[in-house]
Amino acid sequence: MATVKVTLIKSTAGRLPNHILCVKGLGLRRIGHTVEVQDTPENRGMINKAYYMLRVEG
């Protein structure tokens with residue numbers, strides 16, 4: 001399966017609760033933290049919901 005590197009570049013403080021949950025669901029914990037997730041429709045949906053806090057590569 002293809003993977004995507006996702007990095008948290010902005011704080012989750014003061015954001016919508018669903019957006020915070022999407023960031024946590026991707027496995028991101030702090031600013032600058034990078035994880036590799038599988039490129040599935042579920043993960044793409046979480047990335048699209050909180051796109052303004054994330055950097056996506058690959």
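Contact here means heavy atoms within 4.5 Å. In this predicted model, T7 is in contact with G32, H33, T34, M53, L54 and R55, once its neighbours within four places in sequence are left aside. T7 belongs to strand β1, which spans residues 3–8, and β1 takes part in an open sheet of 3 strands ordered β2-β1-β3. The points below treat the sheet, the surroundings of T7, the nonpolar core, helix α2 with its salt bridge, and the loop residue G32.

**Sheet architecture**

- The 3 strands of the open sheet follow the order β2-β1-β3, and their pairing is antiparallel.
- The edge positions are taken by β2 and β3 (54–57); each has a single partner strand, so one side of each is left without a neighbour in the sheet.
- From one strand to the next, the twist averages 30°.
- The antiparallel pairing of β1 with β2 runs over 5 bridges, while that of β1 with β3 runs over 4 bridges.
- K5 has a bridge partner on either strand: E36 in β2 and E57 in β3.
- In a regular strand, side chains alternate between the two faces of the sheet.
- Strand β2 shows such an alternation: V35 and V37 point to one face and are buried, whereas T34, E36 and Q38 point to the other face and are not buried.

**Surroundings of T7**

- T7 stands opposite T34 in β2 and opposite R55 in β3.
- Both of these bridge partners, T34 and R55, also appear among the contacts of T7.
- The side chains of T7 and T34 make a polar contact at 2.9 Å.
- T7 counts as buried because its relative accessibility is 8%, and the buried class lies under 20%.
- T34, by contrast, is one of the β2 residues whose side chains point to the face where they are not buried.

**Nonpolar core**

- Nonpolar side chains tend to be buried together in soluble globular proteins.
- The largest nonpolar core of this model comprises 14 residues, and V6, L8, V23, L26, L28 and L54 have the most contacts inside it.
- Two or more residues of this core come from each of β1, α1 (17–25), β2 (34–38) and α2 (41–49).
- Strand β1 gives the most to this core, namely 3 residues.
- L54 touches V6, T7, L8, I9, V23, L26, L28 and I47, with residues up to four places away in sequence not counted.
- T7 and L54 are thus listed as contacts of one another: L54 is among the residues that T7 meets, and T7 is among those that L54 touches.

**Helix α2 and the salt bridge**

- Helix α2 packs on the sheet and touches β1, β2 and β3; its direction makes about 140° with that of β3.
- R44 lies in helix α2.
- Apart from residues up to four places away in sequence, R44 touches V4, D39 and V56.
- The structure holds 1 salt bridge, in which the side chains of D39 and R44 meet at 2.8 Å, N to O.
- Both ends of this salt bridge are partly exposed: D39 has a relative accessibility of 31%, and R44 has one of 30%.
- R44 and L26 are 18 residues apart in sequence, and their C-alpha atoms are 9.9 Å apart in space.

**Loop residue G32**

- G32 is placed in the loop between α1 and β2.
- G32 counts as exposed because its relative accessibility is 51%, and the exposed class lies over 50%.
- When its neighbours within four places in sequence are left aside, G32 is in contact with T7 and L8.
- Of these two contacts, T7 is buried, and L8 is one of the residues with the most contacts inside the largest nonpolar core.
- A distance of 20 Å separates the C-alpha atoms of G32 and L16, which are 16 residues apart along the chain.

Key:
Residues numbered from 1 in each chain as written. Predicted model: local features only at pLDDT ≥ 70, side-chain atom pairs only at ≥ 80, totals over all residues. Heavy atoms only, no water. Salt bridge = Lys/Arg side-chain N within 4 Å of Asp/Glu carboxyl O. Buried < 20%, exposed > 50% of the residue type's maximum accessible area, 1.4 Å probe, protein only. Polar contact = N/O pair within 3.5 Å; in protein donor to acceptor, adjacent residues only side chain to side chain. Core = buried A, V, L, I, M, F, W, Y, C linked by side-chain atoms within 4.5 Å. Pairing = 2+ DSSP bridges. Axes fitted to C-alpha atoms, helices over the stretch in contact; angles between N-to-C directions.
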